[in-house]
Amino acid sequence: MSGARSSPYFRGYQHITRPQLAGPGDTIASDQQVALQLLASPVSQEPQDVADLEAFLFDASARLPVSVQPFQLIKSADPNLADALYLCGDCRIRRVVTAALLLSDVVLGTGCSTDLDTTRWIMKFSEVLEALDSANPTGVQMLLRWYSSSEKEVSYVVSKSASGRGAARVDTVASACRLSLLFGEDKVVGSRGLEEAWRDLQAKLASGFPALFYGQIPYLLVYAAAGVNIQFGRLLPLGQVERVGRVLNVALLADRISLCCVLVNVVPLLLLWVKHAPEITDRVPFHKPMERPHGTRITLKGTSAIKEISNSKAFFAEFGHSFEAIRAAHLRAQSCHFLVHHSSMEEVEVRKRASDGAHMTKLKVTMTRLGYTQASVATVSEHVMQKATRACLLACLHSAEPKAVCHCDVRFANVLWDPQPFLADLEFAHFSPWQVKQDFSLKDWDEGTLDDMGCYTPQSDTYQIGVMLLKSRHLSADGLIFAQKLKSKTINAIDAAKDPYLQTRMPMGESGTHIH
């Protein structure tokens with residue numbers, strides 16, 4: 001299925017000493033020892049494309065532990081198949097692998113197909129994943145579960161049934177740290193049933209998964225099964241499903257071995273995703289309003305977020321609030337990949353009065369692009385800062401015509417990732433030039449932000465991007481020079497986005513993710 005691995009995210013199996021074939025008198029092995037052997041080398045970076053993921057999943061270098069009887073049967077049937085196995089003392093992992101490889105016609109239901117057949121053998125193979133997970137040396141535990149009508153959904157993936165009458169559940173879900181990481185859809189018979197399984201899986205997962213909760217995880221694993229057939233795939237953040245590898249037939253011994261190898265290789269990939277995901281304490285709940293300063297409230301609703309700012313007219317007048325400019329900024333953002341997107345926005349008077357009896361105004365925006373924030377601007381790598389800087393500069397390009405609209409609040413905290421960077425928080429947008437009231441300032445503004453007339457202009461946005469870049473502690477000499485160039489106001493966003501510094505890839509560094 002795959003050739004030699006040379007990419008940095010592939011595990012170096014060739015450098016690991018594997019157990020040799022042994023006789024029936026072996027000492028008893030523990031589950032921890034076997035798990036350590038199978039998961040000996042962690043994955044540092046997930047496979048990027050479908051071909052690499054296929055090679056990764058079907059790699060048979062981690063030989064499967066079995067007992068003497070199945071080893072002798074398999075070796076006599078096909079000596080080449082035995083190369084993927086080794087004899088092992090008694091432990092749970094060995095027992096469940098052996099049971100999966102010797103899957104009987106009774107479990108397969110090849111004599112008389114029933115609705116339970118596919119689920120029965122899926123559960124048999126899933127025991128391999130469960131046994132490996134419970135003994136894995138990292139200590140991260142997943143929860144493999146089969147949904148029934150009475151169970152509550154753990155997943156943050158938002159799905160709707162075809163009828164639109166509520167959530168649609170896939171048949172199998174593997175979860176860790178309250179995140180669903182693997183989905184499966186089971187059907188009853190043959191190749192036609194497999195295509196139906198893929199269609200149902202696509203429909204149920206069409207909403208994808210929100211970067212807000214999944215952070216830098218680029219895709220999730222899925223499978224479709226019908227009758228004796230199973231095929232794997234991956235789910236992308238926006239809901240696309242791509243198939244990975246060939247269709248396996250579990251009635252065939254060789255394919256059962258391949259399926260067990262896939263399950264072994266799945267575990268370190270899922271553990272890597274748990275590492276990439278935001279901490280549980282950083283995640284925010286759906287449908288529960290989050291209060292922010294200045295009368296701001298944010299409510300997450302699955303694939304969208306509602307942002308409401310309710311305050312007195314005097315508050316909005318203080319910073320020269322212009323609903324027309326904010327509307328223009330959001331409308332232009334719809335065609336810009338580097339800005340937040342929205343489905344609706346409105347400004348209305350509310351019945352509630354301020355504490356001083358003043359009339360209240362509410363600005364309400366429904367955002368349809370969600371993302372997470374990176375760690376502190378001071379600690380992220382220069383490569384991350386380059387990507388954020390370029391995104392902010394390209395976001396500023398949309399403001400040029402027919403009338404310039406300035407963002408006015410460009411800073412690293414307002415750059416979200418999904419996992420690509422984009423600029424959010426357009427609620428301070430103004431038409432240029434904005435004559436700023438004396439003594440008024442937003443966060444990260446300094447004495448160079450405004451021009452000599454006290455106005456905020458497109459050059460001010462570029463200047464603030466330079467301020468943002470200089471907050472990094474990891475800038476190279478070229479980075480420092482580029483930041484000062486942005487602050488000089490002698491270069492516009494168009495030319496700055498083409499600067500050679502932004503085309504040079506700096507080394508990646510470790511950085512955490514937090515929910516915004």
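Mentor: Before we begin, a residue is called buried under 20% relative accessible area, exposed over 50%, and partly exposed in between. The model before us is a predicted one.

Trainee: Is Asp444 buried, partly exposed or exposed?

Mentor: Asp444 lies in the loop between β19 and β20, and its phi is near 75°, a positive value in a residue other than glycine. Its relative accessibility is 24%, and since buried means under 20% and exposed means over 50%, Asp444 counts as partly exposed.

Trainee: What is the relative accessible area of Asp439?

Mentor: Asp439 is likewise found in the loop between β19 and β20, and it too has a positive phi, near 75°, although it is not a glycine. The cut-off for exposed is over 50%, and Asp439 is exposed, with a relative accessible area of 77%.

Trainee: Which residue does a cis peptide bond join to Ser432?

Mentor: The residue sits in the loop between β18 (430-431) and β19 (434-435). The omega of the bond is about -5°, and the partner that this cis peptide bond joins to Ser432 is Pro433.

Trainee: Turning to the whole protein, what share of its residues counts as buried?

Mentor: The protein holds 16 helices and 21 strands, and among its contacts with a separation of 6 or more, 67% are between residues 24 or more positions apart. Of its 516 residues, the share that counts as buried is 54%.

Trainee: Which helix gives the largest share of the largest nonpolar core?

Mentor: This core has 153 residues, and those with the most contacts inside it are Leu57, Ile93, Trp121, Phe125, Leu181, Ile230 and Leu393. The largest share of the core, 15 residues, comes from the helix of residues 253-276, α9.

Trainee: Which residues does Leu393 touch, leaving out those up to four places away in sequence?

Mentor: Leu393 is one of the residues with the most contacts inside the largest nonpolar core. Beyond its sequence neighbours up to four places away, Leu393 touches Thr462, Ile465, Phe482, Leu486, Ala493, Ala496, Ala497 and Leu502.

Trainee: Why can strand β11 be called largely enclosed by the rest of the structure?

Mentor: Strand β11 spans residues 304-312, and it pairs in the antiparallel sense with β10 over 6 bridges and with β13 over 8 bridges. In the β10 pairing Thr299 stands opposite Ile306, while in the β13 pairing Ala305 stands opposite Met367. The strand is largely enclosed because, of its 9 residues, the number buried is 8.

Trainee: Which element gives the most residues to the lining of the largest cavity?

Mentor: The structure holds 3 cavities of 30 Å³ or more, and the largest has a volume of about 150 Å³. Of the 12 residues that line the largest cavity, the closest to its centre are Ile122, Ser126, Leu182, Tyr223 and Leu263. The elements that give two or more residues to this lining are α6 (117-135), β7 (229-235) and α9, and the one that gives the most, with 4 residues, is α6.

Trainee: How many charged residues are in the lining of the second largest pocket?

Mentor: This pocket holds about 920 Å³ of space, and of its 39 lining residues the closest to its centre are Thr296, Lys307, Arg411, Asn414 and Asp425. The elements that give two or more residues to the lining are β10, β11, α10 (313-318), β13 and β14 (372-374). Whereas the lining of the largest cavity has 10 nonpolar, 2 polar and no charged residues, that of the second largest pocket has 22 nonpolar and 8 polar residues, and the number of charged residues is 9.

Trainee: Is Arg234 buried or exposed?

Mentor: Arg234 lies in strand β7, and its C-alpha is 8.9 Å from that of Leu182, although the two are 52 residues apart in sequence. Leaving aside neighbours within four places in sequence, Arg234 is in contact with several residues, among them Gln48, Asp49, Tyr219, Gln240 and Glu242. Its relative accessibility is 8%, and since the cut-off is under 20%, Arg234 counts as buried.

Terms used:
Residues numbered from 1 in each chain as written. Predicted model: local features only at pLDDT ≥ 70, side-chain atom pairs only at ≥ 80, totals over all residues. Heavy atoms only, no water. Buried < 20%, exposed > 50% of the residue type's maximum accessible area, 1.4 Å probe, protein only. Pairing = 2+ DSSP bridges. Core = buried A, V, L, I, M, F, W, Y, C linked by side-chain atoms within 4.5 Å. Contact = heavy atoms within 4.5 Å. 1 Å grid on protein atoms, 1.4 Å probe; cavity = no way out; pocket = protein on both sides within 12 Å on 5 of 7 lines; lining within 4 Å. Points joined across faces, edges and corners; volume = space filled by probe spheres on them. Nonpolar A, V, L, I, M, F, W, Y, C, P; charged D, E, K, R; others polar.
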